[in-house]
Amino acid sequence: MYCNKRNTLQLTALMLKAGITDVVICPGSRNSPLANNFSVAGMNCIPVTDERCAGFVAIGLAQALRRAVAVCVTSGSAVLNLAPAVAEAFYQKVPLLVITADRPERWLDQMDGQTLPQPGAFGRMVHKCVQLPEPNWGDSPENNEIAWACNRLINEAFIEMNRKNGPVQINVPITEPFFDFSIENLPDERLISYSETDFSSVKVDFSVGKSTKAMVIIGQLSAKEADGCRSALKSLVEKHKNIVVCAEYLSNIGYDCHNVLRNFDEVLSAHSADDALMPDVVFVLGGHVVSKRLKNFIRNASPERLVQFVPDDYSLPDTYKCVTHFVKTSAEDAFKIIEQQLIDTDKTFFGRWKNLSDNLKKKADKYSFSSFCDLSALKFISENIDRKFAVHVANSSMVRNIQMFDASYSEVLCNRGVNGIEGCVSAAQGFRLGGKDTLLLVGDLAFFYDSNALWIEDSMNTQKSRNKLRIVVFNNHLGQIFRNLKGLDKASSYQEYIAGKHSAGAEHIAKAFNARYFCAENLSELKDVFRKFMDDVDSHTSILELFIDSEASKNEFSKYFEHISKQ
Ligand SMILES: Cc1ncc(C[n+]2csc(CCOP(=O)(O)OP(=O)(O)O)c2C)c(N)n1
């Protein structure tokens, strides 16, 4: 039976109508009416104890299921522990319904337990925050009006979540006592729909009055967005054969199309001063781009036109400091618009980029690392990943380094919204619970930071998800990214105070959470163990810890870039 708190029933009924049926639930009593009602309504409820993980599990789940997911927490600091995930969802544009149970407002600042100002706690990191009223039962005009307001507020939150594709907060005050589970049916609630007219043509003059050196930069896209625009890109480059397209694995667009360059960052590391590489017109779409070199290159090149396509009007980013046009449209329409509006492209531009890219690729393919390091391990793994695994990469070195190697990924994800190292394991866990075999490539700090992501109820592993989670921890005992930053090693005690040096290992964490543990400390051990680790049919979660010498990794990293930069 349902709990009798009317606002929780309205919310449950509307979530069902809106198709929001997956909820990550954290333990607590204030949110127990909600948890009970979601479960009685037959929703897919996933219990996660640590709220810091729960938010990211919900993000991963939403990405795997390609629809909005809710996370529901009790009152007090539990709410604040969702903040990093909320920020991530905001910047990565993941529809996340944040449901926070609360005491009634009259108890704020009264030294009662678990009470703090919850509405507005996420600032502008949510597209909407609504505070629900507590309508009473009974058919009085006042009760009906309060119930109407409650319904409208929930609808407003849903609309903003869908329209802006990001997080919203519904704060639900629940007055005690709340253990009356006597309601048989959900109320019939009004769901309000919202739509925007699509438009697929704009009249903007992108021409620069000469043959154009045109470049397209594709930032992070979900696999769904990439699937939706791939054929439009194909049609664009068939018509305009001389366009250079720079896209990272995170764009999910793939490299089947010959104009899309994978190693543009390496090209720029060796040739950033080459004027012939500078575009006149740049078209930018998608989310974040990792490559700092590309951002700096375009900022310095300062092209005559930079068209930034945005999916909504929430933010108008001037990432490259030279935007001349903003166009609000989808990725697919962006390619169609470029195809329509671009007139004459420079014949040599693409050839120049392509030659350099091919030459560097040949050099890189021939290169062999002289010791076991982050890059040699990653190269081997990139070449041996099974396409049935979606690949999550953690922030820090991993998301950068994967770009250096050829691989055939089916789908690549990373918390690039705000680049936090927290939540990388949780997002992968959520993705796997969403029904996809998932491989996470992660550095040691990011792994230990978020190892509570493995702390889930056993039935989640056995009944709810038969999918595998595979985690490769590159344990170099510090944040290796800081070692590769030239000049930082001059800072005092930089390994301890800046790079987070430590001596932790993953073996006992694996034991604590019932995960299989594998390890390797050189390439031949990695080669021996990798298939066993990936294919192990008996284990839902396996961890492969690579013990990597940080000094060797640093040296190999410098040598590699010196080698490919040699003319
Ligand atoms: C929550 C959070 N805290 C701190 C940082 C700053 N930071 C960026 S990278 C990094 C080091 C990560 O080290 P590790 O996960 O071991 O990856 P590696 O660089 O060794 O590949 C840190 C601390 C961050 N991005 N997010």
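How far does a backbone N or O atom of Ala446 lie from an oxygen atom of the ligand? The distance is 2.9 Å. Keep in mind that this is a predicted model, and let's start at the ligand before moving out to the domains.

**Around the ligand**

There are 17 residues around the ligand, and the ones that come nearest are Ser396, Ser397, Leu445, Ala446 and Gln480. For three of these residues, here is how a polar backbone atom sits relative to a ligand oxygen.

| Residue | Atom in the residue | Atom in the ligand | Distance |
|---|---|---|---|
| Leu445 | polar backbone atom | oxygen | 2.9 Å |
| Ala446 | backbone N or O | oxygen | 2.9 Å |
| Gln480 | backbone N or O | oxygen | 2.8 Å |

So much for the ligand; now for the chain that holds these residues.

**Domains and the 1–3 interface**

The domain assignment splits the chain into domain 1 (6-173), domain 2 (214-363) and domain 3 (368-565). Take domain 1 and domain 3: their centres, worked out over C-alpha atoms, are 32 Å apart. Even so, the two domains touch, with 22 residues of domain 1 in contact with 27 residues of domain 3.

People often put a number on an interface by quoting the accessible area lost when the parts come together. Here domain 1 and domain 3 bury about 1800 Å² between them, and 65% of that is on carbon and sulfur atoms. On the domain 1 side, Phe56, Ala64 and Glu88 give up the most area to domain 3, together 25% of what that side buries.

What about polar links? Five residue pairs are in polar contact across the interface of domain 1 and domain 3, while the salt-bridge count there is zero.

Which elements of domain 1 give two or more residues to the side touching domain 3? They are β2 (44-47), α3 (51-65) and α5 (83-92). Helix α3 gives the most, with nine residues. Sorted by type, the residues on this side of domain 1 come out as 13 nonpolar, five polar and four charged.

**Salt bridges elsewhere**

Widen the search to the whole structure and 27 salt bridges turn up. One to look at is Lys17 with Asp188, where the closest N and O atoms are 3.1 Å apart. Lys17 belongs to helix α1 (residues 6-18), whereas Asp188 is in the loop between β6 (168-173) and β7 (214-218), so this pair ties together parts that are 171 residues apart in sequence.

How values were computed:
Residues numbered from 1 in each chain as written. Predicted model: local features only at pLDDT ≥ 70, side-chain atom pairs only at ≥ 80, totals over all residues. Heavy atoms only, no water. Domains from an automatic or database assignment. Contact = heavy atoms within 4.5 Å. Buried area = accessible area lost by both parts, 1.4 Å probe. Salt bridge = Lys/Arg side-chain N within 4 Å of Asp/Glu carboxyl O. Polar contact = N/O pair within 3.5 Å; in protein donor to acceptor, adjacent residues only side chain to side chain. Helix = DSSP H or I, 4+ residues; strand = E, 2+ residues; numbered from the N terminus. Nonpolar A, V, L, I, M, F, W, Y, C, P; charged D, E, K, R; others polar. Near = heavy atom within 4 Å.
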